Structure formats: structure tokens, C-alpha cells
Amino acid sequence: MADTVGKTRTILVVEDNVLMRKLFVRCLEEGGFTVIETADPMAVVDLMHDCAPHLVVMDIVMPGLSGLDLIKRIRADAALAATPVVAVTNLATPADKRRLTEAGFDGHVSKPIKPKEFQAAIAGFLTAA
């Protein structure tokens with residue numbers, strides 16, 4: 001998606017499920033975003049330093065490092081702390097949403113996603129950032 005100076009916004013997708021990751025990537029690319037993807041939550045901090053995404057979209061339940069632990073690492077890194085991070089998760093109760101916000105997420109999108117709604121939600125998070 002282009003911003004006011006015509007640059008494409010870069011989204012980092014962190015999702016261990018290959019089918020979900022492909023769906024997120026396809027939806028975001030169709031929405032005009034540049035997408036970088038990884039299945040490895042352990043690589044995210046280094047990847048963020050390398051590609052400087054405008055926003056991160058991540059799953060919560062991942063092997064090796066949960067999204068809740070990963071957001072702590074991102075928020076603890078001064079160079080990355082201000083990057084908006086959105087959880088895409090099945091965790092959708094009011095208590096889950098509160099826990100995600102308290103952990104440091106800027107928002108969440110519930111699974112299963114609807115492509116056009118997903119694109120609009122991510123664009124909204126970028127506009128709010």
C-alpha cells in the first residue's frame with residue numbers, strides 16, 4: 001500500500017503454518033503491500049533490523065518462541081520498539097484481547113481471516129501508526 005509520498009509499505013509476516021502464511025502474504029500483496037515472510041520466530045528481531053518493516057503481522061502460537069515472548073523481545077529493542085505489531089490469532093475473547101494489548105501488541109485480527117477485511121484492518125493499523 002502506498003503512503004503519502006508514494007512509497008510501498010513493507011509488512012513482515014511471522015506465521016509457522018505454511019498455508020496461513022501463504023494466505024496472509026497473498027492478501028497483503030493483493031492489497032499493494034510489499035511482504036517479507038518467515039516461519040521462524042527466532043529470526044524475527046534480526047530480520048526486523050535488516051528490513052525495517054512498517055508493520056509486523058504475527059501468529060501467537062508458534063514453536064520455539066510464542067508471539068507473547070517475541071513481542072517482549074521486540075519492545076525491549078530500542079530500534080524496533082515503535083514498530084506496530086498486530087497479532088493474528090484464534091484468541092478472541094475479551095480476556096485474550098486484553099492480554100495481547102497488555103503484552104504490547106498494537107492490535108489483533110481474528111482467525112479465520114476474510115481477505116478484504118484483513119487488508120483493510122492492516123491498512124488501518126498502518127494509518128493509525
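## A walk through the helices and the sheet

Let's start with two helices: the axes of α1 (residues 18–30) and α5 (115–128) come within 9 Å and cross at roughly 70°. Axes here are lines fitted to C-alpha atoms, for helices over the stretch in contact, and angles run from 0 to 180 degrees between N-to-C directions. That crossing makes α1 roughly perpendicular to α5. For reference, angles under 35 degrees count as roughly parallel, over 145 as roughly antiparallel, 65 to 115 as roughly perpendicular and the rest as oblique. The helix and strand names refer to DSSP runs, numbered from the N terminus (helices are H or I with at least four residues, strands are E with at least two).

Before going on, keep in mind that this is a predicted model, where local features need pLDDT of at least 70 and side-chain atom pairs count only at pLDDT 80 or more, while totals for chains, interfaces and linings use all residues. Residues are numbered from 1 along each chain as its sequence is written, and side-chain values use heavy atoms, with hydrogens and water left out.

Back to the helix pair. The crossing of α1 and α5 is right-handed (a crossing is right-handed if the near helix is turned clockwise from the far one by less than a right angle, and left-handed if anticlockwise). On the α1 side, the contact is made by Phe 24, Cys 27, Leu 28 and Glu 30, and α5 brings Pro 115, Phe 118, Gln 119 and Ile 122; contact means heavy atoms within 4.5 Å. Sorted by class, the residues in this contact are 6 nonpolar, 1 polar and 1 charged. In that scheme Ala, Val, Leu, Ile, Met, Phe, Trp, Tyr, Cys and Pro count as nonpolar, Asp, Glu, Lys and Arg as charged, and the others, Gly among them, as polar.

Just ahead of α5, have a look at the backbone. The peptide bond from Lys 111 to Pro 112 is cis, with omega near -5°, and Pro 112 sits in the loop between β5 and α5. Another backbone feature turns up in the loop between α2 and β3, where you'll find Ala 52. Phi of Ala 52 is near 45°, a positive value in a residue other than glycine. Most residues other than glycine have a negative phi, and most peptide bonds are trans. Ala 52 counts as exposed, at 52% relative accessibility (exposed means over 50% relative accessible area, buried under 20%, and partly exposed in between, with a 1.4 Å probe and protein chains only).

Now for the sheet. It is open, with 5 strands in the order β2-β1-β3-β4-β5, and the pairing is parallel. The edges belong to β2 and β5 (107–110), each with a single partner strand, so one side of each is left without a neighbour in the sheet. From one strand to the next, the twist averages 20°. Two strands pair if DSSP finds at least two bridges between them.

Strand β1 (residues 10–14) pairs with β2 (residues 34–38) in the parallel sense over 5 bridges, and Val 14 has Thr 38 as its bridge partner in β2. β1 also pairs with β3 (residues 55–58), again in the parallel sense, over 4 bridges; here Ile 11 is partnered by Leu 55 of β3. How many residues of β1 are buried? The count is 5 of the 5, so β1 is largely enclosed by the rest of the structure. Both of its faces are covered, with Thr 10, Leu 12 and Val 14 buried on one side and Ile 11 and Val 13 on the other.

Next door in β2 is Val 35, which is buried, with a relative accessible area of 16%. Leaving aside neighbours within four places in sequence, Val 35 is in contact with Ile 11, Val 13, Val 25, Leu 28 and Glu 29.

One more helix pair rounds things off. Helix α2 (residues 44–51) and helix α3 (residues 67–76) pack at an angle of about 45°, with their axes 10 Å apart, and are therefore oblique to each other. Val 44, Val 45 and Met 48 of α2 make the contact with Leu 70, Arg 73 and Ile 74 of α3. These residues divide into 5 nonpolar, no polar and 1 charged. The crossing of α2 and α3 is right-handed.

Finally, compare two glycines. Gly 67 lies in α3 and is buried, with a relative accessible area of 0%. Gly 64 lies in the loop between β3 and α3 and, at 74% relative accessibility, counts as exposed.
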